[in-house]
Amino acid sequence: MSADIEMWPPPNDPDAFESLCLDLWKEIWNDPGAQKNGRSGQSQAGVDVFGMRDGQQVGIQCKQKNGLLRTKVTATELEQEVKAAKDFRPKLITFILATTGERDAHVQECARRLSVEHRNSGLFSVEVWSWKDIWSEVYQREELLKRIGPIYWPRLAPRSTKGRNIFAIVLIVVVTLIALAAIQARKDVAINSNANGTSIGFLKPLHPETVEPQLAGQVGVVFDNNAGILKFYLPVGQTILPFGNNVPFWITKTSEGILISGEFKSMDGKVIAELANNEWRANPHSYFKLNSDSSALEVIDDYNIPWLHIEYLTPTSLKIGGVFRSGDVVNQTSYSNFTNSPIHMSICQLSPGVTTIIGEGQTTMWANAPLGTEGERQAFAKEVRELVQLWFDYSPSKGKGFRIPEEPKVQTNPLAVKIPASVVSGTLRSQAFSSDRAQLWGRTLTLGEGEFGFPSTGVVINLPLEWNESVIGKVFTIPGQTNGTTSVQLFWKEDGAKKNDFLMKNYVMRLEFGAPNGNIIPGKIYLESSRKHQTKLAGTFKVEFH
């Protein structure tokens, strides 16, 4: 049996891969004193593992490319690591870049060129080892594999080298059966897990026959912030980056629907999931969790917050939520499977360093979010947790693909409610509330307590009016309103801190404005939210006409 046929996957954790490299090169160099260089966070001069070969210093930079976006080392990356390694002391005779990625002719050519340049300058030679090269060395060292196999491949390593060929044959049969099963499953749900622990699935539209209405000549993307839904109106073959070319998330229109692709990183920059033309791969381990069904994927990060939501709704729409981070420019150099089709407009262009949180009816942006300390990461996680709600139930008894039931719908018919003649009062976020002031400015109605402006406690309602359109005699109802979008924002205090949130769905409201008396317009309101927002207000108010 050859190493190519019986190839095992690389470790999916950078520290584990670094440890594997140390174990292997101790044998290659015949240097039991080889060791890791420093610790995470310290300057390492481009070297993770160092040791002696024939009495001369050698060093290794370990690049764990986890395959989620089929990532690989680039020539530019190699040049940067080589430059850093020039500062390593004592000076190196050989520098090795070891990667879990595949061989790349351009990177190998770069390594040869750098070696020639360095030889002329009296510097170290440069080598690049792909996973195939590394595995070949491990495979040939039977005693080493016997010793380290249970550490790095506990599910694959045989108990002893006896019967190794039988094990290999069984492995091939199992892999073949898994591959056949994956092909069949892809036609249905296609949720699987490979030997490396990477979960794999394929998104299909929840409503494949639904056709989104499109205005004549409408091209581009529409984002419904209330529901977190993106609707795409693109010519076949065109691609859009919804958040601009600094966020690795793109959609391509085909004759059969849309192809969703992207790379998603955790708070500390680890790739936790990727999408490549609707096929998703996620890397759950002791830090991350995921759940999914045939149309949706959810990934929970190590702070137990929903970091990613993707649901393929119809052939022209999807629902998104979670955290979208901007960084380097998205192109085929940085992302090997990035499209070469024409790029269309975006709904926004996020600058590098900007993070967007998309939650239930609300989108928040952080510019250069401070995440350096544990306290800062906890604060950011708290912000995400308040905005983004879980889609799936992770109870052990539920298993995969079990959605959390939606809140019971508010059943009250606002048109049938008799609104009392007393001043607006009731409960706001479960706290007693009584409005002592009302203000109408432009299209914004404020009912609050205390000073004018945005209230410490109260309700702010933005009405679907033209700028100079009068409210006199108008009635606004939720649900049932068809003449625009009304937004309702709640303000309250909790543990001494000011809080605010939007009512975007599952609430009812009736808001009426009467005939003016001088410059005073009377009004009355009934507002009832779901149990989540714990708000129920009713009564009358008077506003001064502006």
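Two strands are taken to pair if DSSP finds at least two bridges between them. With that criterion in mind, the tour of this predicted model may begin at a hairpin.

**First stop: the β22-β23 hairpin.** Select residues 425-428, strand β22, together with residues 431-434, strand β23; the two run antiparallel and are joined by four bridges. Within this ladder, Thr427 stands opposite Ala432 of β23. Two residues separate the strands of the hairpin. Display Arg429 in the turn, where phi is positive, at about 55 degrees.

**Second stop: the six-stranded sheet.** Extend the selection to the open sheet that contains this hairpin, with the strand order β23-β22-β32-β31-β30-β27 and antiparallel pairing. At its edges are β23 and β27 (475-478), each of which pairs on one side only. Direction ignored, neighbouring strands here are turned by 25 degrees against each other on average.

Inside this sheet, select β31 (residues 520-529) and β32 (residues 536-544). Nine bridges join these antiparallel strands. A convenient pair to label is Gly523 and, opposite Gly523 in β32, Phe541.

**Third stop: the five-stranded sheet.** Next, colour β24, β25, β26, β28 and β29, which form an open sheet in the order β24-β25-β26-β28-β29, again with antiparallel pairing. Strands β24 (437-441) and β29 (497-503) stand at the edges with a single partner each, so one side of each has no neighbour in the sheet. From one strand to the next, the twist averages 15 degrees.

For detail, select residues 457-462 (β26) and residues 487-494 (β28), which pair in the antiparallel sense over five bridges. Asn462 has Ser487 in β28 as its bridge partner.

**Fourth stop: the nonpolar cores.** Now hide the strands and show side chains. In soluble globular proteins, nonpolar side chains tend to be buried together. Which members of the largest nonpolar core touch the most other members? They are Phe249, Ile260, Leu318, Ile320 and Phe380, out of 44 residues in that core.

Centre the view on Leu318 and set the contact cut-off to heavy atoms within 4.5 Å. Leaving aside neighbours within four places in sequence, the contacts of Leu318 include Gly228, Ile229, Leu230 and Phe232, as well as Phe249, Ile251, Ile258 and Ile260. Also in contact with Leu318 are Ile310, Glu311, Tyr312 and Leu313.

Apart from this largest core lies another, of 28 residues; select Val424, Val488, Leu490 and Leu537, which are among its members.

Definitions and conventions: Residues numbered from 1 in each chain as written. Predicted model: local features only at pLDDT ≥ 70, side-chain atom pairs only at ≥ 80, totals over all residues. Heavy atoms only, no water. Axes fitted to C-alpha atoms, helices over the stretch in contact; angles between N-to-C directions. Core = buried A, V, L, I, M, F, W, Y, C linked by side-chain atoms within 4.5 Å. Buried < 20%, exposed > 50% of the residue type's maximum accessible area, 1.4 Å probe, protein only.
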